[in-house]
Amino acid sequence: MISEIAIDGPQKLLGKDGKTEFVIREVTMRDLNAVIEINRKVLPENYPPWFFVEHIEQYPKAFIVAEVGGKVVGYVMSRVEFGWSYVAKGKTAKKGHIVSVGVLPEARRLGIATAMMVRALKALKNYYDATEVYLEVRVSNTPAISLYEKLGFRVVGRIPRYYSDGEDAYIMARPL
Ligand code: COA
């Protein structure tokens, strides 16, 4: 799956059930409402519309959506930051930051998040020159942690009470 993911254009892929086809592609401003709706449905961390707009405008190549039958069912939103490296201690780096990931419940376990993440990681490296990538995840979010581990992320830190309900976050990172 990983080597077959392109970094340009819409790409049609077959889900892990062997029958559901999905398309991954770069976001456009027309996807804004669908992305906001998915975010509100699947995550307690909801951002104002301008925050999504900013990412669509600034990092479109690494903001990936997935469609099934023409309907947007998932997204990965990313940005690029400069700061202290999580993978090479004491050094600075251009870091890809996976800000938000969501897939609608009816489209899960098909490999859609994996495909979108692989594309976003390739884009962060190839278009934005990031040398590593990191994200925050709730310490209780086993499905997401498992997804990220399979993609080569490792826990590099823990932020106490990161989320508004008091839950801690793991910081997970990997080199690109
Ligand atoms: N339980 C355990 N592991 C799970 C899982 C679950 N419910 N869902 C995904 N995974 C792990 C598995 O290791 C899976 O591989 P496998 O199916 O071969 O076992 C791997 O992730 C890849 O799954 P994939 O099909 O690519 O993920 P998905 O498209 O179903 O999306 C999420 C995964 C986490 C994005 C999705 O469940 C979701 O939107 N959750 C709510 C929002 C969220 O938690 N976002 C991440 C916040 S940091």
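**Helices, sheet and one loop residue**

Student: In which hand does H1 pass H2?

Tutor: H1 passes H2 in a right-handed crossing (the near helix is turned clockwise from the far one by less than a right angle; anticlockwise would be left-handed). Helices (DSSP H or I, at least four residues) and strands (E, at least two) are numbered from the N terminus. This is a predicted model, in which local features need pLDDT of at least 70 and side-chain atom pairs pLDDT 80 or more, while totals for chains, interfaces and linings use all residues. Residues are numbered from 1 along each chain as its sequence is written.

Student: At what angle do the axes of H1 and H2 cross?

Tutor: They cross at roughly 125 degrees and come within 10 Å, with axes fitted to C-alpha atoms, for helices over the stretch in contact, and angles from 0 to 180 degrees between N-to-C directions. H1 and H2 are therefore oblique to each other (neither under 35, nor over 145, nor 65 to 115 degrees).

Student: Which residues meet there?

Tutor: Leu32, Val35 and Ile36 of H1 meet Pro49, Phe52, Val53 and Ile56 of H2, contact being C-beta atoms, placed from the backbone, within 7 Å.

Student: And which residues of H1 are buried?

Tutor: Val35, Ile38 and Asn39 are the buried ones (20 or more other C-beta atoms within 10 Å; exposed is 12 or fewer, partly exposed in between). They cover an arc of only 100 degrees around the axis, which puts them on the same side of H1, the arc being taken from axis-to-C-beta directions. The face turned away from that buried side carries the exposed residues Asn33, Arg40 and Lys41.

Student: What covers the buried residues of H1?

Tutor: The cover includes helix H2 (49-58), together with S3, S4 and S5. Helix H1 (residues 32-42) lies across S3, strand S4 (71-84) and strand S5 (92-103), and runs at about 85 degrees to S4.

Student: Switching to the sheet, in what order do its strands come?

Tutor: The sheet is open and has 8 strands in the order S1-S2-S3-S4-S5-S6-S8-S7, with mixed pairing (at least two DSSP bridges to a pair). Strands S1 (11-14) and S7 (154-159) stand at the edges with a single partner strand each, so one side of each is left without a neighbour in the sheet. Strand S2 (residues 21-26) runs antiparallel to strand S3 (residues 64-68) and is joined to it by 4 bridges, and the bridge partner of Ile24 in S3 is Ala66.

Student: Last one: where is Lys61?

Tutor: Lys61 sits in the loop between H2 and S3, and it counts as partly exposed because it has 18 C-beta neighbours inside 10 Å. Leaving aside neighbours within four places in sequence, Lys61 is in contact with Glu26, Ala123 and Tyr127. Between Lys61 and Gly9 there are 9.9 Å in space, C-alpha to C-alpha, although they are 52 residues apart in sequence.

Terms used: Contact = placed C-beta atoms within 7 Å.
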